[in-house]
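Let us walk through this structure by following its cysteine residues, asking where they sit and how they are linked.

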Amino acid sequence: MNYRILRSVRTKATLFAATALAGLASPALAQTTAPAPQRTAPPADQAPVDPSAATVEDVVVTGYRASLQSQAADKRRNVNFTDSIFAEDIGKFPDQNLAEALQRVPGVQIERDVSGEGTSVNIRGLGSAFTIVTLNGAPIQTASDSNIDALNQGRGLDLDLFPTELFKQLTVSKTPRASDIEGGIAGNVDLKVVRPFDRPGPQFSWQVKNTYQEVADEWAPRGGFFASNTWDTPFGEFGLLGGLAYSSRSYRTESLGTLGYTTFNLGTRCSVNTRGCNSQTFLGTSANPTFGYGGGATIPTTVPVGTGYGLVNGAPLTVCGGATGGTSGLSCQALSYAAIPRLVRAEQTVGERIRQSAIVTAEWRPLDNLRFNLDFIAAKGSNDFERTSLSLAVRSTSNNVPIGVVVNDRNVVTHATFANAQLLSENRPYREDSDLYSTTLGMEWEVNDWIKVDGQVNYNTSEWTRSQNTYLFRTPLGRGNSVVYDLVEGQAMPRLTLNFDPNLVTAYEWQEMRIQPSTRDISQTGARFNVDFGDDEFKISVGGSYDQFKRKIQTWDTSSCLNTGAGCSPTSANPSIYPTLLNVIPNSQVRNFLTPWRHPQLYTNASYDIGFNNGWALPNYALLDAALNIDYYENQIDPVTRLNTLNPRIVNEDTWGGYIEMNGKSQFRERDVRYNAGVHVVKTDQEIAGIVIDPTLGRGVQYFTNDYLEYLPSFNVAIDLTDKLLFRMAASRSMTRPAPGDLAPGQSLNVSADTLTRGNPALKPFFSNNYDLGLEYYFNRRATLALNVWTKEVSGFTQVLRSRARFDQLGLDPTRLTTAQRDALLVLGGGDINAATINLDQRQNTSELVKLRGVELTALIPLDFITRGLGINANYTHIEQESEGAPASGPGTSALGSGVTGLSPNTYNFTVYYERGQFSARASYNYRDTYISSLGPQNNFPGDTYRRGSKTLDASLTYRLPRNITVSLEAQNLLEDEQLFYINDDDSLPYSANAAGRQFVIGVRGRF
């Protein structure tokens, strides 16, 4: 390396940094930056030694306080905006997984599934699809999702699959560097595994825990051990670490679901074309140009047999209008607008998650300036759970007779009796199996004082399979069954009262069976290489990378084969290999395959009470599976040659990346200035394939290709304004690729058959211009105050655009649909399936620009002046969003345009801790504002769905015994926070609720 050339470049770079600081200091006040992964911080990134450290009492801290000290030091050392959590913090806090460990980072929010477990992270208001996760700096994805009842179609990592014990550090990078991997406009989360030289010499640690979930009333074990050693050999230093971890979690959640709202289609009683009546369309009709909604159910014109309530079988049925308002007591105009839940579903989810992990890491240092590392991680997970529900069915029905209907001032039903009601019993036993195998080989070589080289190759594979069978039963019509619906002001959810016992096994008949397996496979191969030229004062880095991702999502549906014999016959003369559902188990024999409720009483741990507290009759799965030969339909039938429902979607990507970056340290007005600037270039080639149904060409595989070349500049600077006060500034451009599930061609029809969703292989990436400003004050090694302000301008945003078409224009075969879908189409088409008009939804890029602006405050404050060992760790985040240039939104659609779902305007975390001697105690409170979970409209009903704000409190106590043994007691969700969802955040429009309850953990761990 020519030293004169390097010194000249260094001088110019210093002048560039000074000029940039002077030019950006003013406009950057309204700006912010986006996150991404990062390499190990170079020496130029290191902060000067804190002079105040010498004035602080020299006390060696351990445990949680040590992790906070490491967190502050790491934050100060880096030039870009980062926050980290270190192993002492993760391992000693009551976190079930990595997602829950990350929720204490400023700007990070987590999503939880119905079991209450954290499953994914949002960074600065953007969901997990906008975050890239790396393992030791290499991108990694899993086929599993960990979100109950969901299929992972994105690029994310199942954070739940890994135990926290495998990792020594989690780092959230909120502003990128040119050397970082692209893909996350929200940020990058880098997971660093434990390695043998982290603690040289022989080490052995172990832990055993037992977890009690209050609602499930069950205990579940968790444990692991790790062993490592390092040796000084004639061939250099060598280290080896190995470990195993096992965890299980039993859970039970009590829920309510409505699947949105609808109205009755009154037919000629109040036609959609009659002024004053509900037009059932947001734009109205030519004859009735007024706003309308709903319309998913009809009412009989004559009294059904066995309706009761003094109504004569077969007589004309008057439900509205006239002097008395008929059975409903309302005018026909008022009844046409009365909004009622599509389903009122009492639901329970009960199951067990098991995770098994192994890690082997090796380090070899043949020379002082040459190092190699090999990391291998294997993880396997299983989730066996059952979701069972009993619902009052309103959507797509034609049997209900409404009596004594009461509506509020927003036309929402608050009380009604539904005579001739039909209840649906939906029972879904799931088995999900997932695995991940990841291998990384890396090296670092300090060629001389001016040249450093590092690189790595990595390979990982992941598979996920789901067995998903649905056993659907219904109460027969004509038995005089009725349901009273009440939504009482001040109560969180509605309540149902039945006039019969749902626990009677004689109360049900078949609706249908659904057999819908799914699989997802991922493989990834990658390599990256970096070279640094320079010293601690200035260096230029260049590098390149290659990553190949292969993803395959596959689903199929053998339901019609079992229900009706359609679609699975090897010859037209032999319509079915096995007898169909009703031939094997006729309705008269269903009672022999049901049992009374076998779980604890419902809603004893929830703030709401839907009714059905003693449960309802449940299937005997073992008897049913044997009688119906479910294994044949699920595992043996060939979906390719015998069924027309196979839906494989394949997305392959080849990505080449390169960068040039400079890092340096200089003086500006006699203060140290550390800077990082560069540009990252990336080229992406995509191959996309899937089965597409074309009305003209029929059903077949279609192939698509995409490619794009992008340049992503970034700039970060950190200035020591004083010995304790640090100023940061950053600007960058970042990108996120579309989710594979959105790219993949193909389509799916929902259960109520009113919406067909299609993929879009032409989707382009999202881009964000990011700007950050920060001030950080370091009182000493253990006390920090930090303020960050930031802005993101996200373009390329996507929005689900909707059109409408008749069913007979779609090329779909109605014989391959489920019974519920065919019944719904008959209602939508007025008795003619082909005449049914349904929604066509497809995600498309728009011209919209979404602007996010945020403020983050962080405080790490020891309170030793009150009592030694006491302290707080707190942070607060405020985010605002606005949208420009969104496609014109019609009536009933969200005013937010594309909107950013999952964004809470305000969140804060407050942890108070005490550590002294052998005793440690901690309590952590997390608050999150109400946020929009999904954008409307839904099922022809206007309004966005809001998730009510959450308040969670976790706590832990530990005591260290002799011989490095520590006992612990942990508690999670002490405030029994519930997940409550409402349309338009309106108390009278409850959407769903989940109550997972509290969890307690006792444990013991040791080290020698």
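A good place to begin, keeping in mind that this is a predicted model, is C277, which has a relative accessibility of 2% and therefore counts as buried, since that label applies to any residue under 20%. The sulfur of C277 is joined to that of C270 in a disulfide, with a computed S to S distance of 1.9 Å. C270, the other half of this link, has a relative accessibility of 5%, so C270 counts as buried as well. If we look along the bond between the two sulfur atoms, the link of C270 and C277 has a torsion of -100°, and the link is left-handed.

How many disulfides does the structure hold? There are 2, and having looked at the link of C270 and C277, we can turn to the one formed by C320 and C332, whose sulfur atoms lie 2.1 Å apart. Which parts of the chain does the pair of C320 and C332 tie together? C320 belongs to the loop between β13 (297–298) and α5 (332–337), while C332 lies in helix α5 itself, so the disulfide connects parts that are 12 residues apart in sequence.

The handedness of this second link can be read from its geometry: the torsion about the S-S bond of C320 and C332 is about 85°, and the disulfide is therefore right-handed. As for their surroundings, C320 has a relative accessibility of 7%, which means that this loop residue counts as buried, and C332, in helix α5, counts as buried too because its relative accessibility is 12%.

Note on methods
Residues numbered from 1 in each chain as written. Predicted model: local features only at pLDDT ≥ 70, side-chain atom pairs only at ≥ 80, totals over all residues. Heavy atoms only, no water. Disulfide = S-S within 2.5 Å. Buried < 20%, exposed > 50% of the residue type's maximum accessible area, 1.4 Å probe, protein only. Helix = DSSP H or I, 4+ residues; strand = E, 2+ residues; numbered from the N terminus.
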